Amino acid sequence: DFVSLVADELSSGHQRGAFDQLMLVAPAGVLTELKEKLARPVAQLVVRDLQKDLTNVPDHDLTQHLAPG
């Protein structure tokens, strides 16, 4: 399923050293499921999460949703 694929890709990225912090953004149900499926080392890198569906937000408007509040 999609959420498992995302969790696996984040684990692969972590093993490659692709990031040292994560912000997770997804609709509430998806975010909950993703957080449950993250490997512990990846979950420890989550510094913020946002329960919101931003799939239809234009790229130039994303920063107003993702900026620290």
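In the predicted model, Pro27 is placed in the loop between β1 and α2. Its relative accessible area is 34%, which lies between the 20% limit for buried and the 50% limit for exposed residues, and Pro27 is therefore classed as partly exposed. When residues up to four places away in sequence are set aside, Pro27 touches Lys52 and Asp53. A separation of 14 Å was computed between the C-alpha atoms of Pro27 and Leu66, which are 39 residues apart along the chain.

The protein chain that contains this loop comprises four helices and two strands. Read from the N terminus, the order of the elements is α-β-α-α-β-α. The C-alpha trace spans about 30 × 25 × 20 Å along its principal axes. The chain has 69 residues, of which 23% count as buried. Considering contacts between residues at least 6 apart in sequence, 58% join residues that are at least 24 apart.

The two elements on either side of the Pro27 loop, β1 and α2, both contribute to the largest nonpolar core. This core has 10 residues in all, namely Val3, Ala7, Leu10, Leu22, Leu24, Ala26, Leu31, Leu34, Leu38 and Val42. Two or more of these residues are given by each of α1 (2-16), β1 (22-26) and α2 (28-37). In soluble globular proteins, nonpolar side chains tend to be buried together.

Within this core, Leu22 represents strand β1. The relative accessibility of Leu22 is 11%, under the 20% limit, so Leu22 counts as buried. Not counting residues up to four places away in sequence, Leu22 touches Leu10, Val42, Leu45, Val46, Val47 and Arg48. Leu10 and Val42 in this list are also members of the core. The C-alpha atoms of Leu22 and Val57, 35 residues apart along the chain, are separated by 20 Å.

The packing of α1 and α2 was examined next. The axes of the two helices come within 9 Å and cross at roughly 45°. This angle falls neither under 35 degrees nor in the range from 65 to 115, and α1 and α2 are therefore oblique to each other. The crossing of α1 past α2 is right-handed. On the α1 side the contact is made by Val3, Ser4, Val6 and Ala7, and on the α2 side by Val30, Glu33, Leu34 and Lys37. Sorted by class, the residues in the contact of α1 with α2 are five nonpolar, one polar and two charged.

Ala7 takes part both in this helix contact and in the nonpolar core. With its neighbours within four places in sequence left aside, Ala7 is in contact with Leu34, Lys37 and Leu38. Of these partners, Leu34 and Lys37 belong to the α2 side of the helix contact, while Leu34 and Leu38 are listed among the core residues.

Further along α1 lies Ser11. The relative accessible area of Ser11 is 17%, under the 20% limit, and Ser11 is therefore buried. Apart from neighbours within four places in sequence, Ser11 is in contact with Ala39 and Val42. Val42 is a core residue and is touched by Leu22 of β1 as well.

How values were computed. Residues are numbered from 1 along each chain as its sequence is written. This is a predicted model: local features need pLDDT of at least 70, side-chain atom pairs count only at pLDDT 80 or more; totals for chains, interfaces and linings use all residues. Side-chain values use heavy atoms; hydrogens and water are left out. A nonpolar core is a set of buried Ala, Val, Leu, Ile, Met, Phe, Trp, Tyr and Cys residues joined through side-chain atoms within 4.5 Å. Buried means under 20% relative accessible area, exposed over 50%, partly exposed in between (1.4 Å probe, protein chains only). Contact means heavy atoms within 4.5 Å. Axes are lines fitted to C-alpha atoms, for helices over the stretch in contact, and angles run from 0 to 180 degrees between N-to-C directions. Angles under 35 degrees count as roughly parallel, over 145 as roughly antiparallel, 65 to 115 as roughly perpendicular and the rest as oblique. A crossing is left-handed if the near helix is turned anticlockwise from the far one by less than a right angle, and right-handed if clockwise. Ala, Val, Leu, Ile, Met, Phe, Trp, Tyr, Cys and Pro count as nonpolar, Asp, Glu, Lys and Arg as charged, and the others, Gly among them, as polar.
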